[in-house]
Amino acid sequence: MTLPFIPGRTAPGLGAVLGPHLHHVLAACRPHTGHPTSVEECTGGNVAHVLRVRGEAGNVIVKIRGHRFARIKHITTDPALIAVEHRALTLHHGLLPDLFPQALVFLPEAHAMVMTDVFPDGRPWREHLDKRAAIAEECTRLGTALTRIHHATAGLPPLRDGDGDDLFRAEHAYGYCLRSAGHRVLDEACRRLDALPGRQLVLGDACPKNLSLAAGRTAFVDLDNVHTGAPLFDLGYLLAHLVLHHITRPGLLHPLATAFLDAYTLPGTARPWRDDDLLAAVTAGVLLYRLEARTVPYPATAPPAAAGRQRHILRRLLDAGPFTVLDLLDAATGPVTS
(Lines give C-alpha, C1' and ligand atoms only; values in the text may rest on other atoms or scores of the structure.)
Protein backbone atom coordinates (compact mmCIF):
# COMPACT_ATOMS: atom_id res chain seq x y z
CA MET A 1 0.00 0.00 0.00
CA THR A 2 1.43 3.40 -1.01
CA LEU A 3 0.73 6.28 1.35
CA PRO A 4 1.14 9.82 -0.02
CA PHE A 5 3.59 11.99 1.86
CA ILE A 6 2.18 15.47 2.47
CA PRO A 7 4.71 17.99 3.85
CA GLY A 8 3.61 19.47 7.16
CA ARG A 9 1.13 16.70 7.86
CA THR A 10 1.48 13.36 9.60
CA ALA A 11 2.45 10.55 7.26
CA PRO A 12 -0.16 7.76 7.64
CA GLY A 13 1.28 4.57 9.15
CA LEU A 14 4.64 6.09 9.94
CA GLY A 15 3.12 8.83 12.07
CA ALA A 16 0.82 6.44 13.93
CA VAL A 17 3.79 4.33 14.98
CA LEU A 18 6.36 7.04 15.65
CA GLY A 19 4.21 9.73 17.24
CA PRO A 20 6.43 12.60 18.44
CA HIS A 21 9.50 11.02 16.81
CA LEU A 22 8.06 11.30 13.28
CA HIS A 23 9.87 14.46 12.18
CA HIS A 24 13.16 13.31 13.74
CA VAL A 25 13.02 10.05 11.75
CA LEU A 26 12.06 11.78 8.50
CA ALA A 27 14.92 14.22 9.00
CA ALA A 28 17.26 11.21 9.29
CA CYS A 29 15.94 9.92 5.95
CA ARG A 30 16.40 13.16 3.98
CA PRO A 31 20.20 12.96 3.50
CA HIS A 32 19.59 9.65 1.70
CA THR A 33 16.25 10.29 -0.04
CA GLY A 34 16.21 14.01 -0.69
CA HIS A 35 12.73 15.50 -0.37
CA PRO A 36 10.40 12.60 0.62
CA THR A 37 7.61 11.94 -1.86
CA SER A 38 5.85 8.87 -0.44
CA VAL A 39 5.80 6.29 2.33
CA GLU A 40 4.91 2.65 1.60
CA GLU A 41 4.09 -0.03 4.14
CA CYS A 42 6.18 -3.15 3.49
CA THR A 43 4.16 -6.33 4.05
CA GLY A 44 5.36 -9.61 5.51
CA GLY A 45 6.97 -8.73 8.82
CA ASN A 46 5.30 -9.79 12.06
CA VAL A 47 7.46 -8.15 14.73
CA ALA A 48 8.35 -4.63 13.58
CA HIS A 49 6.70 -1.98 11.45
CA VAL A 50 8.61 -1.64 8.18
CA LEU A 51 8.13 1.20 5.73
CA ARG A 52 9.83 2.32 2.53
CA VAL A 53 10.42 6.07 2.29
CA ARG A 54 10.80 7.24 -1.29
CA GLY A 55 12.29 10.57 -2.25
CA GLU A 56 13.61 12.52 -5.18
CA ALA A 57 17.14 11.17 -4.62
CA GLY A 58 16.46 7.57 -3.60
CA ASN A 59 14.74 5.16 -1.21
CA VAL A 60 15.40 3.96 2.32
CA ILE A 61 13.74 1.47 4.65
CA VAL A 62 12.58 2.57 8.10
CA LYS A 63 12.08 -0.14 10.72
CA ILE A 64 10.28 0.64 13.99
CA ARG A 65 9.67 -1.64 16.95
CA GLY A 66 6.73 -1.11 19.29
CA HIS A 67 5.51 -2.58 22.57
CA ARG A 68 3.59 -5.30 20.70
CA PHE A 69 4.34 -7.33 17.60
CA ALA A 70 3.21 -5.36 14.56
CA ARG A 71 0.98 -8.12 13.18
CA ILE A 72 0.50 -10.37 16.21
CA LYS A 73 -1.02 -7.88 18.60
CA HIS A 74 -1.39 -10.24 21.56
CA ILE A 75 2.39 -10.75 21.80
CA THR A 76 4.10 -8.03 23.82
CA THR A 77 7.75 -7.13 23.36
CA ASP A 78 10.38 -4.65 24.45
CA PRO A 79 10.86 -2.00 21.74
CA ALA A 80 14.44 -1.48 22.93
CA LEU A 81 15.25 -4.90 21.43
CA ILE A 82 15.67 -3.18 18.08
CA ALA A 83 19.18 -2.44 19.37
CA VAL A 84 19.96 -6.16 19.08
CA GLU A 85 18.83 -6.20 15.46
CA HIS A 86 20.87 -3.07 14.78
CA ARG A 87 23.89 -4.88 16.24
CA ALA A 88 23.19 -7.92 14.03
CA LEU A 89 22.74 -5.80 10.92
CA THR A 90 25.91 -3.81 11.54
CA LEU A 91 27.86 -7.04 12.03
CA HIS A 92 26.47 -8.85 8.98
CA HIS A 93 26.77 -5.89 6.64
CA GLY A 94 30.34 -5.35 7.82
CA LEU A 95 31.21 -8.95 6.98
CA LEU A 96 29.17 -9.32 3.79
CA PRO A 97 28.11 -5.91 2.44
CA ASP A 98 26.81 -7.41 -0.80
CA LEU A 99 24.30 -9.63 1.04
CA PHE A 100 22.89 -7.32 3.74
CA PRO A 101 21.54 -3.77 3.97
CA GLN A 102 23.50 -1.06 5.72
CA ALA A 103 22.17 0.59 8.86
CA LEU A 104 22.36 4.28 7.96
CA VAL A 105 20.94 5.82 11.15
CA PHE A 106 19.99 4.30 14.49
CA LEU A 107 17.46 6.22 16.57
CA PRO A 108 17.21 4.45 19.93
CA GLU A 109 14.74 6.92 21.45
CA ALA A 110 12.32 6.25 18.58
CA HIS A 111 13.15 2.50 18.61
CA ALA A 112 13.81 2.90 14.89
CA MET A 113 16.55 2.58 12.33
CA VAL A 114 17.00 3.73 8.76
CA MET A 115 18.52 1.21 6.33
CA THR A 116 19.50 1.01 2.69
CA ASP A 117 16.86 -0.51 0.42
CA VAL A 118 18.39 -3.70 -1.00
CA PHE A 119 15.29 -4.89 -2.91
CA PRO A 120 15.89 -3.59 -6.47
CA ASP A 121 12.26 -4.11 -7.49
CA GLY A 122 10.79 -3.31 -4.07
CA ARG A 123 9.48 -6.87 -3.70
CA PRO A 124 10.64 -9.86 -1.62
CA TRP A 125 11.21 -13.23 -3.29
CA ARG A 126 7.98 -14.39 -1.64
CA GLU A 127 5.94 -12.15 -3.96
CA HIS A 128 7.65 -13.64 -7.00
CA LEU A 129 7.04 -17.20 -5.79
CA ASP A 130 3.34 -16.41 -5.43
CA LYS A 131 3.26 -15.97 -9.22
CA ARG A 132 5.88 -18.38 -10.52
CA ALA A 133 8.12 -21.27 -9.57
CA ALA A 134 11.69 -20.83 -8.44
CA ILE A 135 14.46 -21.65 -10.88
CA ALA A 136 17.57 -23.73 -10.20
CA GLU A 137 19.90 -20.73 -10.59
CA GLU A 138 18.09 -18.91 -7.76
CA CYS A 139 18.34 -21.96 -5.50
CA THR A 140 22.05 -22.32 -6.25
CA ARG A 141 22.59 -18.66 -5.36
CA LEU A 142 20.73 -19.15 -2.09
CA GLY A 143 22.79 -22.18 -1.10
CA THR A 144 26.02 -20.39 -1.96
CA ALA A 145 25.00 -17.26 -0.06
CA LEU A 146 23.99 -19.22 3.04
CA THR A 147 27.37 -20.95 3.00
CA ARG A 148 29.12 -17.58 2.88
CA ILE A 149 27.05 -16.28 5.78
CA HIS A 150 27.70 -19.28 8.02
CA HIS A 151 31.41 -19.29 7.29
CA ALA A 152 31.63 -15.53 7.96
CA THR A 153 29.81 -15.69 11.31
CA ALA A 154 31.48 -18.81 12.69
CA GLY A 155 33.28 -18.17 15.97
CA LEU A 156 31.62 -14.82 16.71
CA PRO A 157 30.28 -14.13 20.23
CA PRO A 158 26.54 -14.10 21.02
CA LEU A 159 24.57 -10.95 20.26
CA ARG A 160 22.75 -10.93 23.59
CA ASP A 161 24.26 -10.67 27.07
CA GLY A 162 24.56 -13.67 29.39
CA ASP A 163 22.43 -16.59 28.27
CA GLY A 164 20.18 -14.32 26.16
CA ASP A 165 20.89 -16.10 22.88
CA ASP A 166 20.13 -19.50 24.45
CA LEU A 167 16.85 -18.19 25.84
CA PHE A 168 15.96 -16.63 22.48
CA ARG A 169 16.67 -19.90 20.67
CA ALA A 170 14.54 -21.88 23.13
CA GLU A 171 11.60 -19.48 22.89
CA HIS A 172 11.62 -18.55 19.22
CA ALA A 173 13.43 -21.12 17.06
CA TYR A 174 12.16 -24.01 19.17
CA GLY A 175 9.09 -22.75 21.05
CA TYR A 176 7.31 -20.80 18.31
CA CYS A 177 8.62 -22.99 15.49
CA LEU A 178 9.77 -26.59 15.90
CA ARG A 179 7.91 -27.40 19.11
CA SER A 180 4.65 -25.75 18.02
CA ALA A 181 3.50 -28.99 16.36
CA GLY A 182 3.72 -30.84 19.69
CA HIS A 183 5.49 -33.89 18.25
CA ARG A 184 8.08 -35.94 20.17
CA VAL A 185 10.34 -36.26 17.10
CA LEU A 186 10.58 -32.48 16.88
CA ASP A 187 11.30 -32.18 20.59
CA GLU A 188 14.15 -34.63 20.04
CA ALA A 189 15.30 -32.64 16.99
CA CYS A 190 15.70 -29.56 19.23
CA ARG A 191 17.85 -31.55 21.64
CA ARG A 192 19.95 -32.90 18.78
CA LEU A 193 20.44 -29.42 17.32
CA ASP A 194 21.76 -28.19 20.66
CA ALA A 195 24.17 -31.13 20.82
CA LEU A 196 25.73 -30.44 17.42
CA PRO A 197 29.28 -29.06 17.43
CA GLY A 198 30.06 -25.67 15.97
CA ARG A 199 27.24 -23.58 17.39
CA GLN A 200 27.44 -20.03 16.06
CA LEU A 201 25.37 -17.06 14.94
CA VAL A 202 22.59 -18.10 12.56
CA LEU A 203 19.92 -16.04 10.80
CA GLY A 204 16.94 -17.75 12.42
CA ASP A 205 14.35 -16.49 9.88
CA ALA A 206 15.78 -17.10 6.42
CA CYS A 207 12.68 -17.36 4.24
CA PRO A 208 11.32 -15.90 0.97
CA LYS A 209 9.62 -12.92 2.62
CA ASN A 210 12.99 -11.83 4.05
CA LEU A 211 15.18 -12.02 0.96
CA SER A 212 15.52 -10.73 -2.57
CA LEU A 213 16.95 -12.41 -5.65
CA ALA A 214 16.02 -9.63 -8.07
CA ALA A 215 18.37 -8.17 -10.69
CA GLY A 216 20.92 -10.94 -10.14
CA ARG A 217 21.54 -9.86 -6.55
CA THR A 218 21.05 -11.89 -3.36
CA ALA A 219 20.05 -9.93 -0.27
CA PHE A 220 18.81 -10.89 3.20
CA VAL A 221 16.83 -8.62 5.54
CA ASP A 222 14.96 -8.81 8.86
CA LEU A 223 17.73 -9.85 11.26
CA ASP A 224 15.79 -9.66 14.54
CA ASN A 225 15.92 -13.46 14.84
CA VAL A 226 19.72 -13.78 14.63
CA HIS A 227 20.93 -15.93 17.54
CA THR A 228 23.50 -18.55 18.51
CA GLY A 229 22.45 -21.94 17.21
CA ALA A 230 23.16 -24.67 14.69
CA PRO A 231 23.70 -23.70 11.02
CA LEU A 232 21.60 -26.74 10.12
CA PHE A 233 18.56 -24.88 11.47
CA ASP A 234 18.92 -22.16 8.80
CA LEU A 235 19.42 -24.80 6.11
CA GLY A 236 16.27 -26.69 7.09
CA TYR A 237 14.34 -23.44 7.49
CA LEU A 238 15.06 -22.32 3.93
CA LEU A 239 14.53 -25.81 2.52
CA ALA A 240 11.12 -26.00 4.22
CA HIS A 241 10.03 -22.77 2.56
CA LEU A 242 11.25 -24.01 -0.81
CA VAL A 243 8.98 -27.04 -0.39
CA LEU A 244 6.15 -24.89 1.00
CA HIS A 245 6.07 -22.59 -2.02
CA HIS A 246 6.04 -25.51 -4.46
CA ILE A 247 3.29 -27.65 -2.94
CA THR A 248 1.28 -27.17 -6.14
CA ARG A 249 4.36 -27.77 -8.34
CA PRO A 250 5.68 -31.03 -6.83
CA GLY A 251 7.52 -32.09 -9.97
CA LEU A 252 9.99 -29.25 -9.44
CA LEU A 253 10.85 -30.06 -5.84
CA HIS A 254 13.65 -32.58 -6.40
CA PRO A 255 15.68 -30.46 -8.87
CA LEU A 256 15.19 -27.23 -6.91
CA ALA A 257 16.04 -28.78 -3.54
CA THR A 258 19.06 -30.52 -5.06
CA ALA A 259 20.33 -27.24 -6.55
CA PHE A 260 19.97 -25.50 -3.18
CA LEU A 261 21.47 -28.24 -1.01
CA ASP A 262 24.30 -29.11 -3.39
CA ALA A 263 25.35 -25.44 -3.38
CA TYR A 264 25.53 -25.33 0.41
CA THR A 265 28.60 -26.59 2.26
CA LEU A 266 27.76 -27.14 5.92
CA PRO A 267 30.62 -25.70 8.00
CA GLY A 268 32.57 -28.18 10.07
CA THR A 269 30.89 -31.35 8.85
CA ALA A 270 30.68 -33.63 5.85
CA ARG A 271 27.15 -34.91 6.58
CA PRO A 272 25.60 -35.90 3.21
CA TRP A 273 22.27 -34.10 3.00
CA ARG A 274 20.42 -36.90 1.21
CA ASP A 275 20.67 -39.22 4.24
CA ASP A 276 20.45 -36.57 6.96
CA ASP A 277 17.52 -37.47 9.20
CA LEU A 278 18.03 -34.43 11.46
CA LEU A 279 17.88 -32.01 8.52
CA ALA A 280 14.77 -33.85 7.36
CA ALA A 281 13.11 -33.56 10.78
CA VAL A 282 13.91 -29.83 11.07
CA THR A 283 12.54 -29.25 7.57
CA ALA A 284 9.35 -31.14 8.41
CA GLY A 285 8.95 -29.21 11.65
CA VAL A 286 9.31 -25.81 9.94
CA LEU A 287 6.81 -26.91 7.28
CA LEU A 288 4.25 -27.83 9.93
CA TYR A 289 4.92 -24.56 11.72
CA ARG A 290 4.03 -22.65 8.55
CA LEU A 291 1.13 -24.86 7.46
CA GLU A 292 -0.55 -24.99 10.86
CA ALA A 293 0.36 -21.38 11.81
CA ARG A 294 -0.79 -21.70 15.41
CA THR A 295 1.02 -18.61 16.69
CA VAL A 296 2.83 -16.93 13.80
CA PRO A 297 0.74 -16.32 10.66
CA TYR A 298 2.05 -17.08 7.18
CA PRO A 299 -0.10 -16.34 4.11
CA ALA A 300 -1.29 -19.45 2.31
CA THR A 301 0.94 -20.82 -0.45
CA ALA A 302 -1.50 -23.50 -1.67
CA PRO A 303 -5.24 -24.23 -1.70
CA PRO A 304 -6.60 -25.63 1.60
CA ALA A 305 -6.89 -29.19 0.23
CA ALA A 306 -3.27 -29.24 -0.93
CA ALA A 307 -2.05 -27.74 2.34
CA GLY A 308 -4.07 -30.30 4.31
CA ARG A 309 -2.59 -33.10 2.25
CA GLN A 310 0.90 -31.84 3.04
CA ARG A 311 0.15 -31.69 6.77
CA HIS A 312 -1.09 -35.28 6.62
CA ILE A 313 2.11 -36.39 4.84
CA LEU A 314 4.35 -34.66 7.35
CA ARG A 315 2.63 -36.08 10.42
CA ARG A 316 2.70 -39.58 8.92
CA LEU A 317 6.44 -39.24 8.32
CA LEU A 318 7.05 -38.02 11.86
CA ASP A 319 4.91 -40.81 13.34
CA ALA A 320 6.68 -43.49 11.29
CA GLY A 321 10.14 -42.74 12.67
CA PRO A 322 13.43 -41.53 11.19
CA PHE A 323 13.30 -40.38 7.56
CA THR A 324 15.72 -38.69 5.21
CA VAL A 325 15.51 -35.54 3.12
CA LEU A 326 14.94 -37.71 0.06
CA ASP A 327 12.10 -39.48 1.89
CA LEU A 328 10.57 -36.07 2.66
CA LEU A 329 10.86 -34.89 -0.95
CA ASP A 330 9.50 -38.17 -2.29
CA ALA A 331 6.53 -37.99 0.06
CA ALA A 332 5.83 -34.38 -0.85
CA THR A 333 5.71 -35.25 -4.55
CA GLY A 334 3.72 -38.48 -4.27
CA PRO A 335 0.13 -39.44 -3.43
CA VAL A 336 -1.16 -39.77 0.12
CA THR A 337 -1.52 -43.39 1.17
CA SER A 338 -3.65 -44.65 4.02
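## Exercises on contacts, cores and helix packing

Thr116 touches Ile61, Pro101, Gln102 and Leu104, leaving aside residues up to four places away in sequence. Keep in mind as you work that this is a predicted model.

**Exercise 1.** Find the element that holds Thr116, and decide whether Thr116 is buried, partly exposed or exposed.

*Solution.* Start with the secondary structure: Thr116 is found in strand β6, which covers residues 112–116. Next, take its relative accessible area, which is 24%. Buried means under 20% and exposed means over 50%, so Thr116 counts as partly exposed. To finish, try a distance: Thr116 and Arg65 are 51 residues apart in sequence, and their C-alpha atoms are 18 Å apart in space.

**Exercise 2.** Work out how helices α9 and α12 are arranged, and which residues make their contact.

*Solution.* Two packed helices are described by the angle between their axes and the distance between the axes. For α9 (residues 253–263) and α12 (residues 325–333), the angle is about 150° and the axes are 10 Å apart. Angles over 145 degrees count as roughly antiparallel, so α9 and α12 are roughly antiparallel to each other. The crossing of α9 past α12 is right-handed. Now look at the residues: α9 contributes Leu253, His254, Ala257 and Leu261, while α12 contributes Val325, Leu326, Leu329, Asp330, Ala332 and Thr333. Sorted by class, this contact of α9 with α12 has 7 nonpolar, 2 polar and 1 charged residues.

**Exercise 3.** Do the same for helices α3 and α5.

*Solution.* Helix α3 (residues 82–95) packs on helix α5 (residues 136–153) at about 110°, with 10 Å between the axes. The range for roughly perpendicular is 65 to 115 degrees, and therefore α3 and α5 are roughly perpendicular to each other. On the α3 side the contact is made by Leu91, His92 and Leu95, and on the α5 side by Ile149, Ala152 and Thr153. The classes here are 4 nonpolar, 2 polar and no charged residues.

**Exercise 4.** Identify the residues that touch the most other members of the largest nonpolar core, then list the contacts of Leu203.

*Solution.* The largest nonpolar core has 93 residues, and those touching the most other members are Leu178, Leu193, Leu203 and Phe260. Helix α10 (residues 277–292) supplies the largest share of this core, 11 residues. A further core of 16 residues lies apart from it, with Cys29, Val60, Val62 and Val114 among them. Back to Leu203: not counting residues up to four places away in sequence, Leu203 touches His92, Phe100, Leu146, Ile149, Phe220, Leu223, Asn225, Val226 and Asp234. You have already met two of these, His92 and Ile149, in the contact of α3 with α5.

Note on methods. Residues numbered from 1 in each chain as written. Predicted model: local features only at pLDDT ≥ 70, side-chain atom pairs only at ≥ 80, totals over all residues. Heavy atoms only, no water. Core = buried A, V, L, I, M, F, W, Y, C linked by side-chain atoms within 4.5 Å. Buried < 20%, exposed > 50% of the residue type's maximum accessible area, 1.4 Å probe, protein only. Helix = DSSP H or I, 4+ residues; strand = E, 2+ residues; numbered from the N terminus. Contact = heavy atoms within 4.5 Å. Axes fitted to C-alpha atoms, helices over the stretch in contact; angles between N-to-C directions. Parallel < 35°, antiparallel > 145°, perpendicular 65-115°, else oblique. Left-handed = near helix turned anticlockwise from the far one by under 90°. Nonpolar A, V, L, I, M, F, W, Y, C, P; charged D, E, K, R; others polar.
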